[in-house]
Amino acid sequence: MRTFPLSRRAVLAGTAAAAAVATLPVLQGRAQAAVPAAGGAYRWRNAVQGGTGFVTGVLFHPTVRGLAYARTDIGGAYRWDDRTDRWIPLTDHIGWDDWNLLGVEAMAVDPAHPNRLYLALGTYAQSWAGNGAVLRSEDRGATWKRTDLTVKLGANEDGRGCGERLLVDPRDSDTLWLGTRHDGLLKSTDRGATWKAVSFPATPSATGQGITLLVAAGRSVYAGWGDSDGTSANLYRTADGTTWKAVPGQPAGTAAKVPVRAAYDRHTCELYVTYANAPGPNGQSDGSVHKLRTTTGKWTEVTPVKPGGTTADGSTDSFGYGGVAVDARRPGTVVVSTNNRWAEIDTVFRSTDGGRTWTSLKDRAVFDVSETPYLKWGGDDPKFGWWIQAVGLDPFDSEHIVYGTGATLYGTRDLRNWAPQIRGLEEASIRQLISPPAGEAHLISGSGDIGVMYHERLTASPSRGMASNPVFGTSTGLALAAAKPSYVVRAGWGDHGNGAWSNDGGKTWEPFKAQPAIAKDAPGPIATNADGSVLLWSFAHWDGTTYPAHRSADNGATWTEVTSYPKGAAPVADPVDPKRFYAFDTATGTLHASTDGGMTFTARATGLNSGDTEFRLVAAPGRSGDLWLSLKWNGLYRSTDGGATFTKVGSCWASYTLGFGKAAEGASYPAVYMVGSTETITAVYRSDDEAKTWTRINDDQHQWGWIGAAITGDPRVYGRVYIATNGRGVQYGEPA
């Protein structure tokens, strides 16, 4: 995932599925439960960024004030704690082998039993991903029971903002329904413990959306079907829990092709449905909103603004409709959101008369993002949002509305003033970590979608927001000069340049004066030597194509191709000798080294494991030629002669990523931190004796799925470690 350049949320929206396959971790076996070793107790927290991910669903409990849940595409589920105004993560216990379950396809609550919560988990429905699972809780997600499914779910695929696809039957709390993408409709009669496929009128396919939503309307259940051609039925109903029939008179055409979400007004007996011509969040260009009076069967179109108009710049105002919620206290009051409206910017519409007239809440919105400045995206002001498919309306407060975007969750209590309602919810996909040996920040992070952040404090979102000049979407490289830590460089996907440097430790940035032509299409990892006098930039496209690396000795003003460098390899600078660089060629299993400042490279150790682009090479701080090589389940190797030879470390059998921190008191070697396996479980370990022995420092409640991208200790604080997660931001731990 370190080399995966596109937005992780846009991966499967188009044709990039192959890239996702190439960068997902290959897992061996199944982890077994374990507890930290003696002396390894740690306290774990998020380094606060403030959201940074796609909130795909928000669900207020209909009968309990202040109780709400949120789901994300790759970062698990959360419960709102109204006493502290924070989201509580509910799925951090999901471990390494179950990484595919950290995406939440759908969630459901039981109106009659407030403590019950259900989650349908499964990030990808592709052949290379594992099957989904259902978690069920009797204590609001504090503890869980799990049922593994025989079908796949797709919380990070197209349609992930649809739903909810999971529902407690309104007539029987023991009965649950689960709509799948490719396997039809499932039903449970024992509160989610077991599931069986049931008859449904529409036929699923191996590539379609299948059932996009399930919603209760009185004692009936309605199901949306995402694979209609716009003329065939896409909304079905059952009144007896057995027989499903197409709803008569339903809208047709491109603007009503895919039912995205639905909400029922029990006061007026009206079901509101949002539609689009594609499931979203990308690819929508048309849409509509309709309501059905369930007592008479009458349909009425209530679309606030029809797509297809002309924008101020003359382009087409294309978009679909996404979220919808009704006011439980005020009949006829409903909110809906646009989605994929890039030119005019998405909005939330509100109606108090059953959809006859609408007000755009964007038009008078006042935003306060002082708590999460990155939402300005390097500009002066935040925008209302994008990818708005999750909308919630508090059943106990008619002016409390929340909506999810591709980066946060906004909330209002007065329909005018908005601020992120995101405390505790962290969903960034972290790619790189640096803990500088000096300076204000103890952490600099590189992420998917939000570039690089300079963390002055770990307990607050960085005051400078994301690094700008230029702004990156996804960061592909981040490095500092070991002997000159004020000098930092970064690389990534940006519209106004793909590389930048900083002379103040990462607070402010300047773009390179020039960059190799290939940098725009294939920015990759970047390194700077010990004194910051040389840059080495590697290039690799998301489709796996690699290109020659380039070198600069004038701070990026000019670049020269390095023909002897292994294409696509991640450069590693020697932390002591500015003339030395290293690179591990994962294609051939060969360690290459340079002793002339990166101008030429020669092969050294050969015959190491090859074929996996996620093998990782790191250099121990303060030592020249001390290299550690993580080869996943092939083991951990070390070289003390600059890569001429490597010796296998016998204390662990698997190593995925490794880093260093301040040495223990009385120790002469830095603390070593590793995500790997010493026995059966893949976990987080620390060694204070050069990897002779290891102590597990995470526990079964803090696993975070796949954590193989990066790990580093703090060079100034013994015991503190930072972990890159794929969907739960930066986790940092300290001895308890």
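Let me start at I723. Leaving aside neighbours within four places in sequence, I723 is in contact with W44, L433, V684, W704, I707, A710, I711, G729, V730 and Q731. This is a predicted model, and every contact I describe should be taken in that sense.

I723 belongs to the largest nonpolar core, which has 54 residues. Which members of this core touch the most other members? They are W44, I401, Y403, L433, V684, V721 and I723. Two of the contacts I listed for I723, namely W44 and L433, thus appear again in this group, as does V684.

Let me turn to the strands behind this core. At least two residues each come from β1 (42–46), β29 (391–393), β30 (401–404) and β33 (430–434). The same holds for β52 (654–661), β53 (671–677), β57 (721–724) and β58 (730–735). Which strand gives the most? It is β57, with four residues. Apart from this core lies another, of 17 residues, and its members include Y69, L90, V109 and L121.

I now move to the strand pairings, beginning with β11 and β12. Strand β11 covers residues 176–179 and strand β12 covers residues 185–188; they pair in the antiparallel sense over four bridges. Within this pair, G179 stands opposite L185 of β12. The hairpin has five residues between its strands, and there G184 takes a positive phi near 75°.

Strand β12 also pairs with β13, residues 196–198, again in the antiparallel sense, over three bridges. Here K187 stands opposite K196, which lies in β13.

As a general reminder, strands of a sheet pair through backbone hydrogen bonds, in either a parallel or an antiparallel arrangement.

The next item is an open sheet. Four strands form it, in the order β24-β25-β26-β27, with antiparallel pairing. Which strands stand at the edges? They are β24 (320–326) and β27 (359–360), each of which pairs on one side only. Strand β26, residues 348–351, is joined to β27 by two bridges in the antiparallel sense. In that pairing, F349 stands opposite S360 of β27.

Finally, a word on confidence. The protein averages a pLDDT of 94, and 95% of the residues score at least 70. Where does the pLDDT stay under 50? That stretch is residues 1–38, for which the model nevertheless has 111 contacts beyond four places in sequence.

Terms used
Residues numbered from 1 in each chain as written. Predicted model: local features only at pLDDT ≥ 70, side-chain atom pairs only at ≥ 80, totals over all residues. Heavy atoms only, no water. Pairing = 2+ DSSP bridges. pLDDT = per-residue confidence, 0-100. Contact = heavy atoms within 4.5 Å. Core = buried A, V, L, I, M, F, W, Y, C linked by side-chain atoms within 4.5 Å. Buried < 20%, exposed > 50% of the residue type's maximum accessible area, 1.4 Å probe, protein only.
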